Amino acid sequence: MINLPSHRLPGLVRWFPVGAPGSGALTEHVLTTDAGRWWVDRVIQPRVIAAECGDHVLLLGDPQALTPQDLAHFAHRYIEAPGRFRPLIGSAFDRVVPWQRTVYVKRTTAPAAPRPRGITLRRLTAQDARALSTLPPAMHRIHRTWGGPDALARSGYAWAAFRNGRMVALACTYFLGTAYEDIACVSVPDPRLQHLALACVDALCSDIATRRRTPSWTCSAGNRAGRLLASSAGFRAEREYGHYAVGAPAATGRTAAG
């Protein structure tokens, strides 16, 4: 597939929804922040278009226009695509795991989260880039849709809790849309500090409301902690969808598992 610069896109953005919650805001995020990439099968009258940001790919069009090798760019990503792409995706990678996810939308006001003594809660600034970059590797996904810790720290779309100068919880806008901001949250693996994630989410949601947008939240069906946190913050289930967690490009065509 061909990497297409953003300035070549005006006639193609109609392929994707506008003003949608969850991953529907991915394309708007890429257009606004330029933190992702666009792919097409050909420049003139493309038959397939993909939007890539962080670990996520939205894929639309005619799968007959591609070969399994054309999808090699998207190895080790999460691919959301219509069901007609399933055989192609299954042949393109050595591992394909269907993954059910739920989109939640904030519908109610939640009680304020408690904040223990010694905890500082604030919006991140450019000076916090180093703190973001030194988070445990499992938490690095939080800044990938912005292009890295520097970009997220400068964005103004993240709130964090600090204890003794150390970042222990963080919530940020993961996909910045025109009507919705899909958020993500991470916290250090310390049960005594887990409630600070809710405080960060509350602060971020207040920010989003001042921008006259609605917070949304997306998590996998098996993520019980994420579902509980969403519910505690006033989010309610809106819709379910599936995507595919894929591995390395397949040396020879293989069939998807599951």
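Thr 27 is found in helix H1, residues 26-33. The model is a predicted one. At 4% relative accessibility, Thr 27 counts as buried, because that value is under the 20% cut-off. Away from H1, helix H5 gives the most residues to the largest nonpolar core. The whole structure holds 1 cavity of 30 Å³ or more, and its largest pocket has about 830 Å³ of space.

**Thr 27 and the end of H1**

- Not counting residues up to four places away in sequence, Thr 27 touches Phe 16, Pro 17, Trp 38, Ala 51 and Leu 58.
- Asp 34 sits in the loop between H1 and strand S2, residues 37-40.
- The phi of Asp 34 is positive, near 60°, and Asp 34 is not a glycine.
- Asp 34 counts as exposed because its relative accessibility is 53%, over the 50% cut-off.

**Helix H5**

- H5 covers residues 195-210, which is 16 residues.
- At 1.5 Å a residue, H5 should span 22 Å; its end C-alpha atoms are 24 Å apart, which agrees.
- H5 is mostly covered, with 12 of its 16 residues buried.
- The buried residues of H5 include Leu 196, Leu 198, Val 201, Leu 204, Cys 205 and Ile 208.
- Two aspartates, Asp 202 and Asp 207, are also among the buried residues of H5.
- Arg 212 comes just after H5 and takes a positive phi of about 60°.

**Nonpolar cores**

- In soluble globular proteins, nonpolar side chains tend to be buried together.
- The largest nonpolar core here has 59 residues.
- Leu 170, Val 201, Trp 217 and Phe 235 touch the most other members of that core.
- H5 gives the most to this core, with 10 residues.
- Another core, of 21 residues, lies apart from it; Val 57, Phe 74, Ala 75 and Leu 88 are among its members.
- Leaving aside neighbours within four places in sequence, Phe 235 is in contact with Val 201 and Cys 205, and also with Trp 217, among others.
- The contacts of Phe 235 also include Tyr 104, Val 105, Lys 106 and Arg 107.
- Ile 183, Pro 215, Ser 216 and Ala 230 are further contacts of Phe 235.

**Largest cavity**

- The largest cavity contains about 40 Å³ of space.
- Its lining is made of Ser 23, Leu 26, His 56, Val 57, Leu 58, Tyr 78, Glu 80, Phe 175, Tyr 241 and His 243.
- Strands S4 (56-61), S5 (78-80) and S12 (235-246) are the elements that give two or more residues to this lining.
- S4 gives the most, with 3 residues.
- By class, the cavity lining has 6 nonpolar, 3 polar and 1 charged residues.
- Leu 58 lines this cavity and is also touched by Thr 27.
- Val 57 lines the cavity too, and Val 57 belongs to the core of 21 residues.

**Largest pocket**

- The largest pocket is lined by 36 residues.
- Arg 141, Cys 185, Cys 219, Asn 223 and Gly 226 lie nearest its centre.
- The elements that give two or more residues to the pocket lining are strands S6 (96-106), S9 (166-176), S10 (180-187), S11 (214-220) and S12, with helices H5 and H6 (224-232).
- S10 gives the most to this lining, with 6 residues.
- By class, the pocket lining has 18 nonpolar, 12 polar and 6 charged residues.

**The loop between S4 and S5**

- Ala 65 lies in this loop, between S4 and S5.
- Ala 65 counts as buried because its relative accessibility is 16%, under the 20% cut-off.
- Leaving aside neighbours within four places in sequence, Ala 65 is in contact with Asp 41, Arg 47, Val 48 and Asp 70.
- Ala 65 and Ala 160 are 95 residues apart in sequence, and their C-alpha atoms are 45 Å apart in space.
- His 76 lies in the loop between S4 and S5 as well.
- The phi of His 76 is near 60°, a positive value in a residue other than glycine.
- His 76 is exposed because its relative accessible area is 53%, over the 50% cut-off.

Notes. Residues are numbered from 1 along each chain as its sequence is written. This is a predicted model: local features need pLDDT of at least 70, side-chain atom pairs count only at pLDDT 80 or more; totals for chains, interfaces and linings use all residues. Side-chain values use heavy atoms; hydrogens and water are left out. Helices (H or I, at least four residues) and strands (E, at least two) are DSSP runs, numbered from the N terminus. The expected span of a helix is 1.5 Å times one less than its number of residues. Buried means under 20% relative accessible area, exposed over 50%, partly exposed in between (1.4 Å probe, protein chains only). On a 1 Å grid over the protein atoms alone, a cavity is a set of points where a 1.4 Å probe fits but cannot get out, and a pocket is an open set with protein on both sides within 12 Å along at least five of seven lines; lining residues have an atom within 4 Å of a point. Grid points are joined across faces, edges and corners, and a volume is the space filled by probe spheres set on the points. Ala, Val, Leu, Ile, Met, Phe, Trp, Tyr, Cys and Pro count as nonpolar, Asp, Glu, Lys and Arg as charged, and the others, Gly among them, as polar. A nonpolar core is a set of buried Ala, Val, Leu, Ile, Met, Phe, Trp, Tyr and Cys residues joined through side-chain atoms within 4.5 Å. Contact means heavy atoms within 4.5 Å.
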